[in-house]
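Biologist: I am new to this structure and would like a close look at a single part of it. Please take one helix and describe how its neighbours pack against it, at whatever length you need.

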Amino acid sequence: MNDLYEADFFQWTQETSDCLRRGEFTKIDVPALVEEAEDLGKRQKSALQSRLAVLIGHLLKWDRRPARRSDSWQATIKLQRSRIERLLSQSPSLRPFLSETLPQAYSDAVLLAIKDTGLDEKTFQKTCPYTLEEILSTKEC
């Protein structure tokens, strides 16, 4: 199974799943399985941080460019809030990660807002002007 992990990842997943179902634990490539389990957690954290950055970026655009507000921006804000809440309901242990990742998500959000608006970086505060409650609020923008 060790060689299969490197040669054909999909096939490795199928055979590993089959071994787990049959209780054939000695046939499992444990180090590879551990690595994949850890990666799944990292992907969940990354997805949360990415969605948070997109959401904050749109909130920044919404606040800094009121004349250009659009249904599309509002829809993106609602969609990201919904997807973040779904991710948190599926993995509640990620909730504390929101506070931890907020500074990096905000930094990414500023870059997204600059790219989309052409505004100068100095337009934006150094730290996130929103609380997590405000960011995730289901109220209208």
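Modeller: This is a predicted model, and the part I would choose is helix α3, beginning with its packing against helix α5, which spans residues 95-117. The axes of α3 and α5 lie 7 Å apart and meet at an angle of about 50°. An angle of that size falls between the 35 degrees below which helices count as roughly parallel and the 65 degrees at which roughly perpendicular begins, and therefore α3 is described as oblique to α5. The crossing in which α3 passes α5 is right-handed. Sorted by class, the residues in this contact are 15 nonpolar, five polar and four charged.

The other neighbour to consider is helix α4, which covers residues 71-90 and packs against α3, itself made up of residues 30-64. Here the axes are 9 Å apart and the angle is about 155°, and because angles over 145 degrees count as roughly antiparallel, α3 is roughly antiparallel to α4. The handedness of this crossing between α3 and α4 is left-handed. On the α3 side, the residues that make the contact include Q44, A47, L48, R51 and L52, with H58, L59, K61 and W62 also among them. From α4, the contributing residues include W73, Q74, T76 and I77, as well as I84, L87 and L88. By class, the contact of α3 with α4 consists of twelve nonpolar, five polar and four charged residues.

Two single residues help to place these helices within the chain. P31 belongs to helix α3 and is exposed, because its relative accessibility of 62% is over the 50% cut-off. Although P31 and N2 are 29 residues apart along the chain, their C-alpha atoms are separated by 9.0 Å. K115, for its part, sits in helix α5 and likewise counts as exposed, with a relative accessibility of 63%. The C-alpha atom of K115 is 52 Å from that of G23, and these two residues are 92 positions apart along the chain.

It remains to mention the cysteines. C19 has a relative accessible area of 5% and is buried, and C128, at 18%, also counts as buried, because the limit for that label is under 20%. With a disulfide taken as a pair of cysteine sulfur atoms within 2.5 Å, the count of disulfides in this model is zero.

Definitions and conventions. Residues numbered from 1 in each chain as written. Predicted model: local features only at pLDDT ≥ 70, side-chain atom pairs only at ≥ 80, totals over all residues. Heavy atoms only, no water. Buried < 20%, exposed > 50% of the residue type's maximum accessible area, 1.4 Å probe, protein only. Axes fitted to C-alpha atoms, helices over the stretch in contact; angles between N-to-C directions. Helix = DSSP H or I, 4+ residues; strand = E, 2+ residues; numbered from the N terminus. Parallel < 35°, antiparallel > 145°, perpendicular 65-115°, else oblique. Left-handed = near helix turned anticlockwise from the far one by under 90°. Contact = heavy atoms within 4.5 Å. Nonpolar A, V, L, I, M, F, W, Y, C, P; charged D, E, K, R; others polar.
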